[in-house]
Amino acid sequence: MLVVLIMPCAGVAQTASLGFIGGIQGTFVLPPVTPAFETASITTGFPTGTGSIGYTSRAKPFTFGPTVEVSLPRGLAVEFDALYKRLDYNYKFIGPVSGLLAFKEDQNIISRWDLPLLLKYRLRNIAHRPYFSGGLNTNYIVNTTDSQRLAPDYQDHPFTLPPSHKPPSELRYRSSEGVVVAGGFEFSLHRIRLAPELRYTRWAHENFHSVLFRSNLDQAELLVTVGLVNPQ
């Protein structure tokens with residue numbers, strides 16, 4: 001829908017600029033907003049000892065990638081970003097297997113790209129040029145790597161299996177769509193354009209889901225765009 005709305009303006013585009021955008025996300029930005037995953041664990045007693053099942057998040061707080069902006073008349077612009085994220089997590093199981101208290105740990109490495117398309121409006125004739133933007137966001141899981149550590153008897157030293165690229169059982173949707181809104185301001189440092197902003201995305205559904213583990217549908221990010229000042 002956003003593409004349909006901006007196509008009539010494409011013919012009157014003034015300038016295009018390429019830059020780099022990066023920042024941090026999750027609880028590092030807004031304490032009320034949960035991180036990339038919601039995780040839990042349970043502990044259970046067995047005749048062979050105490051066992052447990054649970055997840056822990058190792059998602060990285062950073063995100064980065066290229067950004068392209070095409071300026072339009074009346075303070076409008078169209079922005080497209082490609083933001084890379086690492087959403088790593090662990091699954092651990094300790095419980096009875098063939099009468100022994102076995103151990104298993106999956107160390108999952110997840111690579112995801114977010115591809116937001118935004119319509120931006122700048123307040124003109126105001127210092128530091130504040131702006132607001134909104135649009136659609138799409139994410140895509142491009143790579144999954146699972147390294148397993150096993151111990152048939154919990155007393156033994158765990159051994160590691162060769163990495164596997166088979167999608168983890170928790171992966172429900174490799175892609176998801178969402179609505180994004182953002183606000184920030186711009187200023188120039190010599191020929192460098194800097195634009196810090198706060199961005200929020202609400203995803204339509206979770207990439208990952210299980211009984212004790214799920215993706216968070218709310219995503220807040222503090223981003224900074226770095227680019228060259230457009231010639232006047």
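The largest nonpolar core of this protein chain has 11 residues in all: F37, Y55, L87, Y89, Y91, I110, I141, L171, F208, L212 and F213. A nonpolar core is a set of buried Ala, Val, Leu, Ile, Met, Phe, Trp, Tyr and Cys residues joined through side-chain atoms within 4.5 Å. Buried means under 20% relative accessible area, exposed means over 50%, and partly exposed lies in between, with a 1.4 Å probe and protein chains only. The model is predicted: local features need pLDDT of at least 70 and side-chain atom pairs count only at pLDDT 80 or more, whereas totals for chains, interfaces and linings use all residues. Residues are numbered from 1 along each chain as its sequence is written, and side-chain values use heavy atoms, with hydrogens and water left out.

**The chain as a whole**

The protein chain has 232 residues, of which 41% are buried. Its secondary structure consists of one helix and 18 strands. Helices (H or I, at least four residues) and strands (E, at least two) are DSSP runs, numbered from the N terminus. Contact means heavy atoms within 4.5 Å. Of the contacts between residues at least 6 apart in sequence, 68% join residues at least 24 apart. The core residue Y55 provides an instance of contacts in this chain: leaving out residues up to four places away in sequence, Y55 touches T39, A40, Y89, N90, Y91, E170, S210, L212 and F213.

**Strands and their pairing**

Two strands pair if DSSP finds at least two bridges between them. Strand 1 (residues 16-25) pairs with strand 5 in the antiparallel sense over nine bridges, and S17 has E69 of strand 5 as its bridge partner. Strand 1 is also joined to strand 18 by seven bridges, again antiparallel; here G23 stands opposite L223 of strand 18.

An open sheet of three strands follows the order 2-17-16, with antiparallel pairing. Strand 2 and strand 16 (209-210) are at its edges and each has a single partner strand, so one side of each is left without a neighbour in the sheet. Strand 2 and strand 17 are antiparallel and are joined by three bridges. Strand 17 also contains S215, which counts as buried at 7% relative accessibility. Apart from neighbours within four places in sequence, S215 is in contact with A36, F37, E206, N207 and F208.

**Salt bridges**

Side chains of opposite charge can pair when their charged atoms come close. A salt bridge is a side-chain nitrogen of Lys or Arg within 4 Å of a carboxyl oxygen of Asp or Glu. By this rule the count comes to 19 salt bridges. Three of the pairs are listed below.

| Pair | N to O distance |
|---|---|
| E38 and R214 | 3.9 Å |
| E221 and K85 | 2.9 Å |
| E197 and R199 | 2.8 Å |

The side chains of E38 and R214 meet in a salt bridge. E38 lies in strand 2 (residues 37-39) and R214 in strand 17 (residues 213-215), so the pair ties together parts that are 176 residues apart in sequence. E38 also stands opposite R214 in the strand pairing. E38 is partly exposed, with a relative accessible area of 33%, and R214 is partly exposed at 32% relative accessibility.

E221 forms a salt bridge with K85. This pair links distant parts of the chain, with E221 in strand 18 and K85 in strand 7 (residues 83-86), 136 residues apart. Both E221 and K85 are buried.

In the pair of E197 and R199, E197 is buried at 2% relative accessibility, and R199 is buried at 1%. E197 and R199 also belong to a network of salt bridges that links them with E69, E79, D81, K120, R122, R129, E186 and R193.

**The surface**

The protein chain exposes about 12400 Å², and carbon and sulfur atoms supply 64% of this area. Accessible areas come from the Shrake-Rupley method with a 1.4 Å probe; for residues, only the protein chains shown count as cover.

A nonpolar patch on the surface is formed by F20, F62, F64, L189, I192, V224, V226 and L228, which together have about 660 Å² of accessible area. Strand 5 (62-71) and strand 18 (218-228) are the elements that give two or more residues to the patch. The largest share, three residues, comes from strand 18. Patches are made of residues with over 30% relative accessible area and no salt bridge: like charges are joined within 9 Å, and nonpolar side chains (Val, Leu, Ile, Met, Phe, Trp, Tyr) within 5 Å. F62 is found in strand 5 and counts as partly exposed at 35% relative accessibility.
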